[in-house]
Amino acid sequence: MNWYYAVALLVCAILGYLLGSINTSLIVGKFYGVDVREYGSGNAGTTNVLRTLGKKAAAFTFLGDLLKGIIACLLGKYIILSAMAIFGNDIFGNVISPQETGLMAAGAFCVFGHNWPVYFGFKGGKGVLTTFAVLLMMGPLPALITLVFFILVTAAARYISLSSILSAVFLPLSVYIFSMIGWDMGISSVSRYLLFCIPLSLLIIIRHKKNIVKLINGTENKFSLKKKKGDNVK
């Protein structure tokens with residue numbers, strides 16, 4: 001691997017991680033004078049913000065977590081394009097789709113930053129929204145189909161955690177099945193997409209291990225647009 005290419009990918013990863021570490025829920029919580037990790041489920045994510053701080057705070061958290069994933073991917077592509085402009089296309093050798101590789105590096109590390117933010121003691125959220133944003137940039141159609149699946153499961157079961165876990169399984173599985181039957185998903189490479197999204201999907205499932213136990217025991221909180229009594233902060 002050309003060292004210019006390695007450095008460019010390293011820059012993508014570092015900037016993606018630093019951007020992902022900007023945890024919106026914790027920043028929003030500061031305006032309310034609270035750390036959302038000390039309330040409700042203890043998760044630094046949109047659902048817990050909704051339960052503890054309400055709809056307005058949750059909306060800002062939702063947008064922040066979504067946008068940082070999108071921005072990280074765009075940043076990754078821009079870094080690779082800039083490297084190509086400065087050093088020439090030859091620095092990437094035989095690498096297939098170097099811009100997409102930059103997107104993947106920045107996007108993946110943005111998700112890691114959200115889960116383990118350097119600015120907040122490496123204790124972040126589960127990364128579902130940020131992962132969705134990154135996968136949306138990788139392939140809009142599979143991500144949007146998964147979003148529909150997520151909404152349907154949430155409407156039927158009213159468990160955000162269950163919807164997140166099942167969606168993490170559904171995405172790579174659906175991409176594989178659709179590719180087998182010849183449906184064009186608008187992805188440059190199905191194998192590269194699966195190699196990218198499967199680890200992120202597994203990470204979502206692993207991050208929900210406590211929720212899985214609660215679902216099995218029947219103690220998991222159901223989704224509601226109202227603050228949960230006892231958890232909310234005034």
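No disulfide is found in this predicted model, where a pair of cysteine sulfur atoms would have to lie within 2.5 Å to count as one. Cysteine 12 takes part in no disulfide, since the nearest cysteine sulfur, which belongs to cysteine 73, is 10 Å away. Cysteine 197 is likewise in no disulfide, and for this residue the nearest cysteine sulfur is again that of cysteine 73, at 13 Å.

**Burial of the cysteines**
- Cysteine 12 has a relative accessibility of 1%, and it therefore counts as buried, the limit for that class being under 20% relative accessible area.
- Cysteine 197 has a relative accessibility of 0%, so this residue counts as buried too.

**Secondary structure**
- The chain contains ten helices, whereas the number of strands is zero.
- Followed along the sequence, the elements give the pattern α-α-α-α-α-α-α-α-α-α.

**Helix α2 and its surroundings**
- Helix α2 spans residues 24-31, and its buried residues are Thr24, Ser25, Leu26, Val28 and Gly29.
- An α-helix has 3.6 residues a turn, so residues three or four places apart point the same way.
- The buried residues of α2 pack against two other helices, namely α3, which covers residues 46-53, and α4, which covers residues 55-87.
- After α2 comes glycine 33, a residue whose phi is positive, with a value near 75 degrees.

**Overall dimensions and packing**
- The radius of gyration of the chain is 19 Å, and this agrees with a compact globule because a globule with 234 residues would have a value near 17 Å.
- Taken along the principal axes, the box filled by the C-alpha atoms of the chain is roughly 60 × 45 × 25 Å.
- Among the 234 residues of the chain, 49% count as buried.
- When contacts in the chain with a separation of 6 or more are considered, 69% of them are made by residues 24 or more positions apart.

**Surface and charge**
- The accessible surface of the chain amounts to about 11,900 Å², and carbon and sulfur atoms contribute 69% of this area.
- The chain carries 21 positive and 8 negative side chains, and a distance of 13 Å separates the centres of the two sets.

Terms used
Residues numbered from 1 in each chain as written. Predicted model: local features only at pLDDT ≥ 70, side-chain atom pairs only at ≥ 80, totals over all residues. Heavy atoms only, no water. Buried < 20%, exposed > 50% of the residue type's maximum accessible area, 1.4 Å probe, protein only. Helix = DSSP H or I, 4+ residues; strand = E, 2+ residues; numbered from the N terminus. Rg over C-alpha atoms; globule rule 2.2 N^0.38 Å. Contact = heavy atoms within 4.5 Å. Areas by Shrake-Rupley, 256 points an atom, 1.4 Å probe, with all protein chains shown as cover. Lys, Arg positive; Asp, Glu negative; His and termini not counted. Charge placed at Lys NZ, Arg CZ, Asp CG, Glu CD.
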